[in-house]
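Student: I have a structure open and a list of terms to test against it. Can we take them one at a time?

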Amino acid sequence: MAEIKITLVKSTIGAIPKHKKTVQALGLNKTNSYVIQQDNAAIRGMIHQVSHLVKVEEI
């Protein structure tokens, strides 16, 4: 499977609690931190929910 690099580019301060939990579930903590995840429907759905906070790159 393909992998994607997800970077948190905007702080979760002021975000609704559901979005904060989604960012945490993706494995992101601080601004500019990144994780590499498998590209699947579940991860894409999470990214879509917090697309205003993250940047996604194909690897």
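Student: Where does Ile47 lie?

Tutor: Ile47 lies in helix H2. Bear in mind that this is a predicted model.

Student: Why is Ile47 called buried?

Tutor: Look at its relative accessible area. For Ile47 the value is 7%. Buried means under 20%. The value falls under that cut-off, so Ile47 is buried.

Student: Which residues is Ile47 in contact with, leaving aside its neighbours within four places in sequence?

Tutor: Ile4, Ile6, Val54 and Val56. To count as a contact, heavy atoms must be within 4.5 Å.

Student: How far apart are the C-alpha atoms of Ile47 and Ala25?

Tutor: They are separated by 11 Å. Along the chain, these two are 22 residues apart.

Student: Now strand S1. What makes Thr7 buried?

Tutor: Thr7 lies in strand S1, residues 3-8. Its relative accessible area is 9%. The cut-off for buried is under 20%. Thr7 meets it, so the word applies.

Student: Which residues touch Thr7, its neighbours within four places in sequence aside?

Tutor: Thr7 is in contact with Asn32, Ser33 and Tyr34. Leu53, Val54 and Lys55 are also on its list.

Student: On to the helix pair. Why are H1 and H2 called oblique?

Tutor: Start with the angle. H1 (residues 17-26) and H2 (residues 41-49) pack at about 140°. Over 145 degrees would be roughly antiparallel, and 65 to 115 roughly perpendicular. The angle fits neither range, nor the one under 35 degrees for roughly parallel, so the pair is oblique.

Student: What else describes the packing?

Tutor: The distance between the axes is used along with the angle. Here the axes of H1 and H2 are 10 Å apart. Their crossing is left-handed.

Student: Which residues meet there?

Tutor: From H1 come Lys18, His19, Thr22, Ala25 and Leu26. From H2 come Ile43, Met46 and Gln49. By class, that contact has four nonpolar, three polar and one charged residues.

Student: What is the order of elements in the whole chain?

Tutor: From the N terminus on, they run β-α-β-α-β. That is two helices and three strands.

Student: How do you know that the chain is as compact as a globular protein of that length?

Tutor: Compare two values. The radius of gyration is 10 Å. The globule rule gives 10 Å for 59 residues. The two are close, so the chain is as compact as a globular protein of that length.

Student: And what share of the residues is buried?

Tutor: Buried residues make up 27% of the 59.

Conventions: Residues numbered from 1 in each chain as written. Predicted model: local features only at pLDDT ≥ 70, side-chain atom pairs only at ≥ 80, totals over all residues. Heavy atoms only, no water. Axes fitted to C-alpha atoms, helices over the stretch in contact; angles between N-to-C directions. Helix = DSSP H or I, 4+ residues; strand = E, 2+ residues; numbered from the N terminus. Left-handed = near helix turned anticlockwise from the far one by under 90°. Nonpolar A, V, L, I, M, F, W, Y, C, P; charged D, E, K, R; others polar. Rg over C-alpha atoms; globule rule 2.2 N^0.38 Å. Buried < 20%, exposed > 50% of the residue type's maximum accessible area, 1.4 Å probe, protein only.
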